[in-house]
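Let's walk through this one together, question by question. Keep the viewer open so you can click along.

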Amino acid sequence: MAGPISAANACRSACLLRTSGPILTLADSAFNVNHTVMNQHAKIDAPAARAKVDIRHSTCPHDCPSACALDVEVIDDTSIGRVRGSKQQTYTAGVICAKVARYAERVHHPDRLTYPMFRVGPKGSGKFARISWDDALDEIAGRFDAAEREFGAESVWPYYYAGTMGLVMRDGINRLAHVKKYSRFYSTICSTIARVGFAAGTGKIAGVDPREMAVSDFVVIWGTNPVHTQVNVMTHAMRARKERGAKIAVVDVYNNETMKQADVKILVRPGTDGAFACGVMHVLFREGYADRDYMDRYTDFPNELEAHLKTRTPEWASAICGVPVEEIEAFARMVGQTKRTYFRLGYGFTRSRNGAAQMHAALCIPAVTGAWQHEGGGAFFNNFALWKFDESIIEGHDAIDSTTRRLDQSKIGRILTGDPAALHQGPPVKAMLIQNTNPMTVAPEQALVRRGFARNDLFVAVHEQFMTETAQMADIVLPATMFIEHDDLYYGGGHQHISVGAKLIEPPGECRSNHEVLRGLGRRLKVDHPAFEMSPRELIDATLRKSGHGGIAELEADLWRDLQPDFRTSHYLDGFAHKDGKFHFKADWTSVPLGNAGMMGAWDQMPSLPDHWAAIEEADEAHPFRLATSPSRSFLNTSFNETPSSQAREGAPSVMIHPDDAAKFGIADGDAVTLGNLRGETTLTAKVFDGVRRGVLIAESVHPNKSHIGGRGINMLTGAEAVAPVGGAAFHDNKVWVKKADADAIPTP
Ligand code: SF4
C-alpha cells in the first residue's frame with residue numbers, strides 16, 4: 001500500500017503539521033450545536049488571520065448529495081490548511097463533515113501517488129517501477145489499439161465513477177468511449193433505483209426546497225443517515241426543531257447516529273419499508289387523514305389506492321416490517337395531523353431488490369395527506385431535474401453509436417470473468433482505463449471481481465490519487481490530481497446550487513487531471529473531437545452556455561447559482577411532471593421518464609400500486625440473517641480509507657448483531673465472526689448492539705479488503721444481479737449466515 005514519497009510531499013506534510021489543529025465540526029459531536037464551527041469561521045475571517053492565509057471558494061467533489069460550498073485556506077501555491085463550510089451559501093450554512101474539514105490531511109498525505117508507474121511483479125504483487133508520462137500513455141494507447149485490432153473496439157472498456165462529482169473530470173471518459181466506439185458504461189451502482197422510484201410518482205427528480213425543512217413541523221428522514229453521509233440535512237431539520245419545536249422522525253434499519261437524534265424512531269427490517277408505508281397509508285385513510293380534495297385534483301387513482309390498502313392493515317405491515325402496530329399508528333397520526341410534514345427520502349432504503357417500489361411507496365404518503373400543498377411539506381430526494389446540464393461536449397454525444405454495447409458497471413465481476421450475458425454476447429473485455437473508482441473494493445460480487453482483475457490477458461490502467469486495491473491490480477498506475485488542483489463544474493444533488501470549483505494549488509509531483517490523461521490518450525489514439533483539445537475551463541464555459549446558465553466568468557463571480565424553482569413549481573401546485581399532470585399512485589414501470597438501458601430484472605412482476613414487493617433476498621434456514629452494508633461516518637465508499645483520522649475513527653471492520661442473536665450463536669462482543677452466503681465469505685469483528693432488529697446485521701462500510709481478517713471485504717457478500725426495473729445494485733439486501741470465526745483464521749497479535 002505504501003506509495004512513493006517525494007521530497008515535495010515531505011515538504012507538504014511539514015506544512016500540514018504547521019497548520020493543522022483541532023478542527024471541530026457539527027459532525028464531530030452530538031448533533032446539537034453548530035456555534036463552534038461558526039466561531040472558528042469568524043476567527044479565520046479576522047484581518048490578522050487573513051494576512052497569513054488566503055480563503056478561496058471551492059465545492060466538495062465527493063460522492064455526497066450535500067456538495068458543500070467550501071472556504072479553503074490556501075497557504076501558498078502548493079499547500080492548504082483548514083477547510084470550512086461556507087456560511088454564505090444557504091444550504092451549506094457553514095457546516096461540513098469532519099472528514100472534509102481535515103482535507104489537508106488527504107491532499108498532503110505522504111502516500112499520494114506522484115508519478116506514473118508500470119507493473120514489474122505479478123498482478124496484484126504491488127511491485128511497480130517509475131515510468132515517464134509519455135511512455136505510460138504510449139503503452140496504454142498501444143494496448144488499446146492492439147485489443148481493438150484483435151477483438152474489436154468493444155473489447156476496450158473505460159470505467160469510472162463518482163470519486164469526483166465534477167462533470168469534466170468524472171464524465172469526460174465517456175467521450176473517449178464514444179469517439180472510439182469502445183464499450184459504453186451503464187451507471188447502476190448508486191442512484192438508478194432511487195431515481196426510478198421517485199420519478200414513477202412525480203414524473204421527474206425534483207422536489208421541495210430542502211431548506212424548507214427548517215419551516216416544517218415534522219421532518220421524516222427516511223432511509224438515509226445524514227449524520228454520516230450528508231450533514232446539511234441535519235442542519236435544516238435541527239433548525240426546525242430549535243425554532244419551531246418541530247419533531248424529527250427517522251425510518252431506518254438500525255439505530256444509527258441520525259436515529260439517535262430523532263424524536264420518533266422507526267426501526268424497520270431491511271427491505272420492508274414498502275410494507276411500513278402501506279400500513280401508514282391504511283391508517284391515514286381509515287382515520288380520515290387522507291386529503292380527498294387534494295387527491296382528486298392532483299393524483300391519478302386515489303379510490304383504487306384506498307381499496308387496495310384495505311388489506312394492508314398495520315397488523316399486516318407489522319408482521320413484515322417488524323414495527324409494532326401502535327408505532328405505525330402513532331406515526332401515521334403524526335403525519336396526518338401535521339400539514340407541514342417534510343419527507344426527506346434517501347438512497348439507502350432503495351439499495352434493495354424491491355428498492356424502486358419502496359421509494360415509490362414512501363413517496364405516496366405526502367400525496368395522500370396533501371402535504372405537498374404546504375410550505376415545509378412535501379418530499380425531496382434529489383434535484384437531478386434542475387440542472388439541465390447539456391453534457392454533449394464533455395461526453396462527446398455527437399459521437400455516440402447507439403449500436404455499441406453498454407456494459408453494466410455493477411456487473412464488472414461477471415464481465416471480467418467472461419459471463420456471456422453480462423458481455424451482451426460480445427467480445428471479452430481486454431483493456432481498461434479506470435478513473436475515480438475502486439471496484440476491487442466497492443463493486444459487488446467481489447469473488448468474481450478479484451478473479452477478473454487477476455487475469456493476465458487483461459490490461460488495466462488505473463488513474464488514481466492513492467494506491468487503492470484496484471490500482472494494485474493494474475499494469476499501469478497514473479497519479480491523479482485532487483479537486484483543488486484542477487478546474488471543474490459541480491451540482492448539488494441534495495440541494496439546488498451549481499458552482500465552479502477552480503484550481504487553487506499546484507498538484508504534487510507529476511499528478512495530472514483526468515482531462516489531461518484523456519487528452520494525452522486522445523492524441524495517441526488519433527481521435528477527432530474538438531473537446532480533447534479544449535481546456536477544462538473552456539469545457540465548463542461551453543457546457544454552461546449550452547445549458548442556459550451563462551458562462552464560467554459569471555458563475556465564478558457569483559460563486560454559485562441557486563436554481564430552486566418557485567414555490568408552486570417545487571410543490572407541483574401547477575401539476576406533477578407526468579403528461580397528465582398527476583401524481584401517480586399507480587406506477588408505470590415501463591415508461592419512467594429517465595434514460596436507461598432497457599427493462600431489467602423481474603420488472604413485469606413489480607407492483608404498480610404501493611406495496612411490499614417480496615422480491616428481496618429473504619432470510620432462510622441456511623441464511624438466517626439479513627445484512628445491510630450501510631455507510632460509515634468517516635469513509636465515503638473507499639475515499640478517506642487512507643487518512644489517519646478516518647482510520648482511527650472507524651477502527652477495524654465490524655458487524656452489529658442483536659444481543660439475543662449473539663447469545664443464540666455463542667458470539668460475544670469483540671469476537672471475530674465470519675459471515676457467508678453463496679457468493680462468498682468475510683470475517684470481521686462482532687459488535688453486540690440492541691439497535692438492530694433480531695435477524696438483522698449491519699456492517700458499516702466500506703473498509704479496505706485488507707482490513708478484514710483474511711483480506712476478504714464486505715462486498716464478497718453483495719450481489720450484482722440487476723434490480724428491477726432498469727438496473728442497480730442491492731447492497732443492503734443480502735441473506736447471510738454467521739458463525740464465530742475459525743481459530744486458525746484469526747491472526748495472532
Ligand atoms: S458533507 Fe458531503 S459534501 Fe459536505 S463536505 Fe462532507 S462529504 Fe463533502
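**Domains, core and odd corners**

Quick orientation before the questions: in this predicted model, the chain is divided into domain 1 (7-107), domain 2 (117-189 + 388-562), domain 3 (208-380 + 585-605) and domain 4 (625-745).

Q: How many residues does the contact take from domain 1 and from domain 3?
A: Domain 1 is residues 7-107, while domain 3 is put together from 208-380 and 585-605. Counting who takes part in the contact between them gives 14 residues from domain 1 and 11 residues from domain 3.

Q: How do the residues on the side of domain 1 that touches domain 3 divide by class?
A: The contact takes 14 residues from domain 1. Sorted by class, they come out as 11 nonpolar, 3 polar and no charged.

Q: Which residues are around the ligand, and how many of them are nonpolar, polar and charged?
A: The residues around the ligand are C60, H62, C64, S66, A67, C68, I96, C97, V100, Q230, V231 and L636. Cys counts as nonpolar here, so C60, C64, C68 and C97 go in that group. The tally for the shell is 9 nonpolar, 3 polar and no charged residues.

Q: What radius of gyration does the chain have, and what would a compact globule have?
A: The C-alpha trace spans about 70 × 60 × 55 Å along its principal axes. For 749 residues, a compact globule would have a radius of gyration near 27 Å. The chain agrees with that, at 25 Å.

Q: What share of the contacts with a separation of 6 or more comes from residues 24 or more positions apart?
A: For background, the chain has 27 helices and 25 strands, and 60% of its 749 residues count as buried. Among contacts with a separation of 6 or more, the share from residues 24 or more positions apart is 77%.

Q: Which residues touch the most other members of the largest nonpolar core, and which helix gives the largest share?
A: In soluble globular proteins, nonpolar side chains tend to be buried together. The largest nonpolar core here has 225 residues, and F276, V280 and L697 touch the most other members. Helix 16 (residues 355-369) gives the largest share of this core, 10 residues.

Q: Which residues does F276 touch, leaving aside those up to four places away in sequence?
A: F276 is one of the residues that touch the most other members of the largest nonpolar core. Leaving out residues up to four places away in sequence, F276 touches V251, I266, V268, A317, C321, V323 and I328.

Q: Which loop holds V702 and P725, and what is omega for their cis peptide bonds?
A: Most peptide bonds are trans. V702 lies in the loop between strand 24 (696-698) and strand 25 (734-740), and P725 is found in the loop between strand 24 and strand 25 too. A cis bond joins S701 and V702, with omega about 5°. Another joins A724 and P725, where omega is about 5°.

Q: Is N436 buried or exposed, and what is its phi?
A: N436 sits in the loop between strand 14 (431-435) and helix 20 (439-442). It takes 20 or more other C-beta atoms within 10 Å to count as buried; N436 has 24, so it is buried. Although N436 is not a glycine, its phi is positive, about 65°.

Q: Where is Y572, and what is its phi?
A: Look in the loop between helix 25 (567-570) and strand 20 (625-628) for Y572. Y572 counts as buried because it has 24 C-beta neighbours inside 10 Å. Its phi is a positive value for a residue other than glycine, near 55°.

Q: What separates the C-alpha atoms of E395 and I173?
A: E395 lies in helix 18 (residues 392-395) and is buried, with 21 other C-beta atoms within 10 Å. E395 touches D171, N174, R175 and H178. E395 and I173 are 222 residues apart along the chain, yet their C-alpha atoms are separated by 7.2 Å.

Q: Which residues does G376 touch, beyond those up to four places away in sequence?
A: G376 lies in the loop between helix 16 and strand 12 (378-380). With 23 other C-beta atoms within 10 Å, G376 is buried. Beyond residues up to four places away in sequence, G376 touches E212, V215, S216, D217, R340 and Y342.

Methods:
Residues numbered from 1 in each chain as written. Predicted model: local features only at pLDDT ≥ 70, side-chain atom pairs only at ≥ 80, totals over all residues. Near = placed C-beta within 6 Å. Domains from an automatic or database assignment. Contact = placed C-beta atoms within 7 Å. Helix = DSSP H or I, 4+ residues; strand = E, 2+ residues; numbered from the N terminus. Rg over C-alpha atoms; globule rule 2.2 N^0.38 Å. Buried ≥ 20, exposed ≤ 12 C-beta atoms within 10 Å, placed from the backbone. Core = buried A, V, L, I, M, F, W, Y, C linked by C-beta atoms within 7 Å.
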